[in-house]
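Thanks for coming. I have one chain to go through today, and I will keep to what can be read from the coordinates.

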Amino acid sequence: MCGIIGYIGKSEATGILLRGLKDLEYRGYDSGGIAVLDKKRLSVAKAKGEIRNLKKKLDGYEIRGCLGIGHTRWATHGKANEINAHPHCSKHFAVVHNGIIENYKEIRESLAMSGIAFESETDTEVIPKLLELNFNGDVLEAIRKTVKLLEGSYALGIICTDKEDTLYCTKKASPLIIGAGNGENFIASDINPLLHYTNRAVYLEDGETAEISAHKIRVFDRDFKETDKEIKTIALNKNAADKGEYRHFMLKEIYEEPVVVRSSLNAVTEDGEPVFSDIPFTEADFKALNRVYIVGCGSAYHVGLIAKYNFEKIAKIPAFAEYAGEFRYADPVIDGNCLVIIISQSGETADSLAALKLAKEMGAKTISIVNVPESTIANRSDYNILTLAGAEVAVATTKAFSCQLAVLNTLCLYTARKRNACTEVFSEIAVNMSQLLPKKIERVIAKADELHALAKELKGITRCFFLGRNVDFGVSLEGALKLKEISYIDCVGYPASELKHGTISLIEKNTVCIGLISNGDLLPKTVSNLVEVAARGARVIVFAPESLAGDLEQFETVITYPDSIPLLTPSIEVIPLQLLAYYVADEKGLPIDKPRNLAKSVTVE
């Protein structure tokens, strides 16, 4: 949640900050603000709403200076208004913050008793007030004393009027990256805004603080002792965060799926075999596994639910898909023969990170699947599988979901082989079939016009049910999530088998029911459910493999996609649902990449 940006160098900071905030806006767009320092004069500008409102407010007058910080907000504490917008300031300090200060009320009350007044409702405002109290001319000492009092999560960008050539930052349980430029340096919540200026970065660990000038980056550990940090090369380029010829990032990212799925699969397969280099678990470890938990939030949970069925069918091991936010409060049964797989696009998801911490404390073996190699979850798990989705900007995930599912299915095959639960022939067939996924995804994308036409018919609906069985239930949850989060249509994914246990009471004339049938073995039962809702006036739309089309002629609308084996079919089945959601939202004229109330990376609970 929230995005922060900072700059120190030789250029005017305002334009760089505004551009960076625009690149970070998918992390939050309730308000935005910047603070720029010039000759000890601190200039602050804030605006409610999207960054374009802040930019418009700055038209006509210039905030000058080569040192500054900026923030785009996803509101947590306090309403989305200009007063609560960041940066928050004291006499000498301006601060931007991503995270949540859990003990801010206690701190605020203590400061108020000392006669210190507050303007906003935010948790963040206690930080510049504490910095001010702790400041005796040494900014690092003020930061050290301040963060010692903070409980919760934070990534902070800080400037001080007495240090007009220095940018400060510190982090705990929230993402923060330092961009190393040529005669200029940056900080940001993620790499997107850095790509315009540099491909070199320093990744901070929790508890670390940095003092940054135009020509030098000094990093201090949690004890505030200076430490050497490697400057790493960023693999992405500046075009990764550019829409190019596409109207929206979401559409661009759907069209990128064949390429990124191929790259992700190539990284974990070789000569018809699943390959996970340097995995720290032995064949005996895999054979001893007594259960697998697959943990994630939102779409990552849906990936886990689809894979749960595959782990049980192919790897012959009890598997459980769990919401990360519920997992650690459920007293899960975990021991040393348990594998916990954490899925997170950003690698910084707060609930998933907490679930990982619990799993490790209880002695489980842990594997993470993330899209950011230097992320906290990647670094703290026993083994990390990197998805090669590239930068994903749209809030509604598409290509990251597909990459997660592709590599998790491959891990399922790897686990099955180590446990002798499937034959070498089956594994080789499955791996070879997975290499065909990119071409099959391309064939689905080629149906975009057909899905666009269907979207025009559906844009006026108010309720939609997605129905499926087994892995199709997992895909139904993802299809419903995609449509609801960007079109604002009330959508529910539901097991078709549970339809008669209450949900059918909601079916009435013109209700839309989308049936998912990927497996011929389950076709008769799912068709029976769809016929039942059609008899009650619902409009039924079916998504199924091409080979099943002849068995679905009783339905007016059937969208087909290329066949594959059951393990892989969900990877193809989800693509038309992504496109349908996109086109419905586009027909409604909605902000597809930045749906209301949502942020890309949920780094607070």
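I will start with the chain as a whole, then take one helix and a handful of single residues.

First, what you have in front of you is a predicted model.

The overall picture. The chain has 605 residues, and 61% of them count as buried. Its secondary structure comes to 19 helices and 27 strands. The radius of gyration is 25 Å, close to the 25 Å from the globule rule for 605 residues, so the chain is as compact as a globular protein of that length. Along the principal axes, the C-alpha atoms fill a box of roughly 75 × 55 × 45 Å.

On contacts, take the pairs of residues at least 6 apart in sequence: 72% of those contacts join residues at least 24 apart.

Now the surface and the charges. About 23300 Å² of the chain is exposed, and carbon and sulfur atoms supply 47% of that area. There are 71 positive and 80 negative side chains, with the centres of the two sets 3 Å apart.

Next, a helix. H13 runs over residues 399-418, which is 20 residues. From first C-alpha to last, H13 reaches 29 Å, close to the 28 Å expected at 1.5 Å a residue. How many of the residues of H13 are buried? The count is 18 of 20, so to speak of H13 as mostly covered is fair, given that buried means under 20% relative accessible area. Just after H13 comes Asn420, with a positive phi of about 55°.

Two serines are next. Ser31 is in strand S2, residues 31-38. Is Ser31 buried or exposed? Its relative accessibility is 0%, so Ser31 counts as buried. Leaving out residues up to four places away in sequence, Ser31 touches Ala47, Lys48, Gly49, His71, Thr72, Arg73, Asn81 and Ala85. Glu82 is 51 residues from Ser31 in sequence, yet their C-alpha atoms are 6.8 Å apart in space.

The other serine, Ser564, sits in a loop, between strand S27 (557-561) and helix H19 (569-587). Ser564 has a relative accessible area of 19%, and the cut-off for buried is under 20%, so Ser564 is classed as buried. With the same exclusion of residues up to four places away, the contacts of Ser564 are Met433, Lys440, Thr569 and Ile572.

Then some backbone details. Where in the chain is Pro87? Pro87 is in the loop between strand S4 (67-73) and strand S5 (88-89). The peptide bond joining His86 and Pro87 is cis, with omega at about 5°.

Two further residues have a positive phi without being glycine. Asp278 has a phi of about 65°, and its place is the loop between strand S17 (273-274) and helix H8 (283-288). Asp278 counts as exposed, at 75% relative accessibility. For Lys316, phi is near 55°. Lys316 is in the loop between helix H9 (299-314) and strand S19 (319-323), and at 52% relative accessibility Lys316 also counts as exposed, because the cut-off is over 50%.

To go back over the main points: the chain is as compact as a globular protein of its length, H13 is mostly covered, and the bond between His86 and Pro87 is cis. That is the end of my part.

Key. Residues numbered from 1 in each chain as written. Predicted model: local features only at pLDDT ≥ 70, side-chain atom pairs only at ≥ 80, totals over all residues. Heavy atoms only, no water. Helix = DSSP H or I, 4+ residues; strand = E, 2+ residues; numbered from the N terminus. Rg over C-alpha atoms; globule rule 2.2 N^0.38 Å. Buried < 20%, exposed > 50% of the residue type's maximum accessible area, 1.4 Å probe, protein only. Contact = heavy atoms within 4.5 Å. Areas by Shrake-Rupley, 256 points an atom, 1.4 Å probe, with all protein chains shown as cover. Lys, Arg positive; Asp, Glu negative; His and termini not counted. Charge placed at Lys NZ, Arg CZ, Asp CG, Glu CD. Expected span 1.5 Å × (residues − 1).
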